[in-house]
Every structure is written in structure tokens, then in C-alpha cells.
Amino acid sequence: MLDSARRLLAHSHTRGTEPRPFDPVPRPLDTRPRPLVLIVDATCPRRAHARSMRWKHRITDAWLSVVCLAVSTPLWLAVVHVLFVPNDAESDGTRRSVISDRAKGLRDRKLDSLERHASHDTEVGLMRSNNPEWDIMCSTFNVLAFANLALHEPRERARYLGLMDGIIDETLEARRAHGAQHFLLPYWRRAPYVASPMRVLFVEGEIAAMLGARLVVEERPELRSRLEEQIARVVDQMREGPVLSGESYPDECWTVDNAFALVAIRLADVVLGQDHAELLARWVAVARERLTDPQTGMLVSEYTWDGRHKDGPEGSSIFLVAHLLQVVDEGFARDQYDRARQALGFEIAGFAIAREWPASWPNVTDIDSGPTIPLVGANAGASGLAVLAAASFDDQRFLRGLLASLDFAAFPIKDERGLRYGASNQVGDAVLLYALVQGPLWDHLSRSTSSQHGSES
Amino acid sequence: VKKTGAPKRLAWIAAILLTLYFVLHLLGMRDSVGFLSGTLPATKLELFLGLFTATSWFAAVLVAPVLLLAAGLQIALVTIAAKVRARRATVTLAADGPGVVEPDRLDAPIGCCTCADRSPGATERNWSK
């Protein structure tokens, strides 16, 4: 069969007088003279025909390429996350006794940076030039992370305590030398604070939280008295406010700053043996009633001293607030997390991100949260803090997606000094380290509350 | 495939994208993408390099593999189509027997030997023009 086909094809290629197998009548001998000059111009019908055929082929190929690209794109997008999805042990490592490799890498990098002062000062300088708030935020998350690590790894406790003390002393010194405004954006001068005397809850609350976390790990008498003073200031400031909130900027109260202050009060209650349960409960009641967005049910991010909303629920605020409120009111915190997850979380093809604003609010760029990726609305600040919330609420699916996105889009850089993220900065890395090691400190607070309740009853 | 080389071009673009990112990676440019977190870089050049590195990374991870997949898919489709055509031609020839096959039932160039005119007597007509 093949031989007959080959014969036919061979015949078809011979030009001339041989009778063709498909010609019904053999043709006479062609005796016409052949052209002596090759016709190469465009008028040659054979060449024109060949050219048109080439174009036909090209167009067919191009169409085929387009079809293949259209098929390949969804195929690849559906599987690309496999390259970045963290292993089970890593995402399960949160809230467990095991510290994941990612957390170890971040920890080693922080230790190297802080102990050797290698690049730390430069990075802090760059951070301050961008946003002075990041300076104290970085210190707070570092201290919280080291407090958790000290509880995780009792053998290394002295080392972590040394680092925490160094950070706290530096912060207190800066606070004493330059005032709380040292950590504020310049617009704090725009107007006078409503409450008098001027107090910055953002700074006072975070300093108190740092002191409290440090003292939970181990007693240090001089810090104890400092914490007492600090907490008294914070509590006074909050009690004065019509909605039990203190200002961070003139006539600006931020939910996240007030949540930090509440955590500081909880820590102080455990460390100093005080009881501010009534204040905490009242704050939650007021927040439910006056500080939630009616459309989403989430806490707004910013409001005036008397409780008028200035902004809606913000991803870079609500995920952190939910985590902080866990030690104030677990049920309320869980409710806030679920709402934030629903309105701001976004999962696609194995990746997860968090948006900065829910659909009901217009996109507004905020200096704290960093740029937002158009169309999907993904935001670096919101996604980073969503890692913290997902880890603390044990939302494994969301956490795995967020960590996959982190490895995909945050440019992890591993070297002999540890791990850091190219797309992040000192604050971002501190938040991630804290997110991956958090648990023991909050567990300690929960246990202390239970034992207090037990002894009271 | 041989004439237009579309899959080859796709593969080349993918190779260029991957090489570009690899070179930037070796040059340590991953450090310069801090602008993604809202940290303003010290110089405009650093911002430009950061943008370039971020773009090349996403191109290397998202675009290059798609191009390679598409190239492979296209080669596979063309190869399969050619095999199917050849098989169909062979079967037709065997069924009809020699001398009775109509030229337009064959995909092989039976008419003019250099161009794709497959009608009977194409060579003669072309030469006579």
C-alpha cells in the first residue's frame, strides 16, 4: 500500500512528458522551448502564488499560536501555585511548638541585623524618611515576636530578653529626648489636639504593649514602674474620650492604636495584677455600637474623638485589630475576622491576597498600607497583616494561600544571614516574623485570665 | 511549522524572558523591589531597576512558561495533523488503486512541483506563461 502511494507521489513530481497515473489520456510530447532567463519579479505567477501560500501558512500558524496561548494560559495559571505553596508542616507550624523554617529564617535575619547592627541603622533611617510611624511599629512587632520566641524557646530566653530590652530602652530614650511626635507624620502640627493635655495614644499604647510583653517573659523592676505609669496615662486618655478612645493625631482616633492600648492594658493586668475588665468590656460595647461600618459590620479604621467615622474598614487595620482583640473579647475578635475574611480576602488559583478596602468603599491610598494593585485591589499591608490574622485564627487555607502569594510576589531573599523579603521592609519583616511565631504570649494571657477567674470564684 | 517557525519564536521569547530575569537575579536586583511595600527608594534609578526587576520576574514566572507550553502544544498539534493527513492520503490511495486518483483528493503536491497549484496541468500552464 505504501509503495503504491510512494510511486504515485514520485510520478507527480516529475515534470514533462511521462503520462501521469491520473491523466485519462496520455499527453503529447512537449517540444516548446523552455525560458532561458529566470523570472524573479513579482509578476511571476508561480512566485506570486507561492508567496500567497506562504502568507496563508503564516496566518494559519499565527491563529494556531493564538489558540495554543489561549489554552496554555489558564492551564499554567491553574498550576503555577504548586511552585509556591508552603509545605504542610510550615503552615501548621503556627500556634504549635515547632517554629517553621520560614520563621527561623526571618528570626535569624532579625537577630543578625539587631545584634550586629549590620544595616539596621541604615534601614531604620530609610524607614523613618518614608514614614516615622514605621520606626515604633517595627520596634513593637519585634518585641512582640521576641516575647513569643522567648516563650517558644526557653533556652534562648536571655538572648531575646537582651534584644527586647535594647529595643525598649532605645524607644524610651527617643520618646524622652524628642517627644511622642518623633514617631508621627508631620501633619500632627496641622491642628491642636481636641483632648488636653496633648497625648498620642499611638505611641503611648505601643510603648505600654512593649513593656507588658517584656514583663510577661521575665520581671524587671525598673520597667514595672514604667509600665504602671504608662498604663495609667493610657487608661486616663481612653476614659476621657466620649467613645473611650484616645487621639493619635489631632481629632483622629485610629482603631488599631486603641486596640494596641487595650492589649497593653490586658498585659498590664496580668503583669501588675490590676483589673481593667470593666473598661475593656465597655470599649467593646461602644465599638460594636458606634465604631462599626453599618454596611459590612467591620470596625472602621479612623474616627474623630467624639466617634464620627472618618474612614471605612481598612484591610491593613482590621486584620491587626482582630488579632489584638483576641485577648480582649475572643467572640468579637472572631466575628471581626470572619467579616474581614469575607469582605477583603480573595483567593484565586491557590493564591490568596487581602484587599485594602471592601467593595462598598472607594479605593483610597494610605501611606501605611503601601500601593494597591489595580483590578484585584491586592494590598501589601493588608495582605501582610492578613497573614497574622489567619495564623492567629488558625485559618489554614487562607494562610497557605497568603504564604504562597508571599513567596510568589514578595521576592524572598535567602542568604547566610537568614531570610528577608525584597518587596518588604523592616516593619513588614517584623510583622511576618511575629505572625509566624505568635501564640505563646496570647496563650499566656488566656491562661492567666482563666486562673484569675478561677481564684476569684 | 518549518516555513513560519511560530513555536520556535514563542520558545525564543520565553528563553529571552527567563534569561533576562536570571541575569537580574544574579546581579542582586531582587533587593530593589522594596517600592512594592510603599518604601520609596533612595534614587530614581533604583526605582526604575525595581520596576524592571519586578516586571521581569512576573514575566519569567507567568508569561515564559505559557509561551513554552503554547509552543509545545502547537508543535504537537501540527505533528499530529501532518500524521493524520499522511495516513488519510495513504488510505485513499490504497482504496482507489493506481491511476484513478483525483488530484484534489491528495494533499501531496501533484500539480505544479514548486508552487501549491494542484490542479491538473498546472506545471504546463505556468511554464507557458
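Reader: How many of the residues of chain B count as buried?

Author: In this predicted model, 38% of the 129 residues of chain B count as buried. Chain B exposes an accessible surface of about 7300 Å², and carbon and sulfur atoms account for 70% of that surface.

Reader: Which elements make up chain B, from the N terminus on?

Author: The order is α-α-α. Chain B has three helices and zero strands. Among its contacts between residues at least 6 apart in sequence, 44% join residues at least 24 apart.

Reader: What are the corresponding values for chain A, beginning with its helices and strands?

Author: Chain A has 17 helices and six strands. Buried residues make up 55% of its 457 residues. The exposed area of chain A is about 20500 Å², with 57% supplied by carbon and sulfur atoms. Of the contacts in chain A between residues at least 6 apart in sequence, 69% join residues at least 24 apart.

Reader: How should one read the packing of two helices, and at what angle do α7 and α8 of chain A pack?

Author: One reads the angle together with the distance between the axes. Helix α7(A), residues 157-178, and helix α8(A), residues 201-217, pack at about 155 degrees, and their axes lie 10 Å apart. Because angles over 145 degrees count as roughly antiparallel, α7(A) is roughly antiparallel to α8(A). The crossing of α7(A) past α8(A) is left-handed.

Reader: Which residues make the contact between these two helices?

Author: From α7(A) come A:Arg157, A:Leu161, A:Met164, A:Asp165, A:Ile167, A:Ile168, A:Thr171, A:Leu172 and A:Arg175. From α8(A) come A:Val203, A:Glu204, A:Ile207, A:Met210, A:Leu211, A:Arg214 and A:Val217. Sorted by class, this contact of α7(A) with α8(A) holds 10 nonpolar, one polar and five charged residues.

Reader: At what angle do α14 and α15 of chain A pack?

Author: Helix α14(A), residues 380-392, packs against helix α15(A), residues 396-409, at about 150 degrees, with the axes 9 Å apart. The two helices are therefore roughly antiparallel to each other. Their crossing is left-handed.

Reader: Which residues of α14(A) and α15(A) make the contact, and how do they divide into nonpolar, polar and charged?

Author: A:Ser383, A:Ala386, A:Val387, A:Ala390 and A:Ala391 of α14(A) meet A:Phe398, A:Leu399, A:Leu402 and A:Leu403 of α15(A). In the contact of α14(A) with α15(A), eight residues are nonpolar, one is polar and none is charged.

How values were computed. Residues are numbered from 1 along each chain as its sequence is written. Chains are lettered from A and ligands numbered from 1 in the order in which they are written. This is a predicted model: local features need pLDDT of at least 70, side-chain atom pairs count only at pLDDT 80 or more; totals for chains, interfaces and linings use all residues. Side-chain values use heavy atoms; hydrogens and water are left out. Axes are lines fitted to C-alpha atoms, for helices over the stretch in contact, and angles run from 0 to 180 degrees between N-to-C directions. Helices (H or I, at least four residues) and strands (E, at least two) are DSSP runs, numbered from the N terminus. Angles under 35 degrees count as roughly parallel, over 145 as roughly antiparallel, 65 to 115 as roughly perpendicular and the rest as oblique. A crossing is left-handed if the near helix is turned anticlockwise from the far one by less than a right angle, and right-handed if clockwise. Contact means heavy atoms within 4.5 Å. Ala, Val, Leu, Ile, Met, Phe, Trp, Tyr, Cys and Pro count as nonpolar, Asp, Glu, Lys and Arg as charged, and the others, Gly among them, as polar. Buried means under 20% relative accessible area, exposed over 50%, partly exposed in between (1.4 Å probe, protein chains only). Accessible areas come from the Shrake-Rupley method with a 1.4 Å probe; for residues, only the protein chains shown count as cover.
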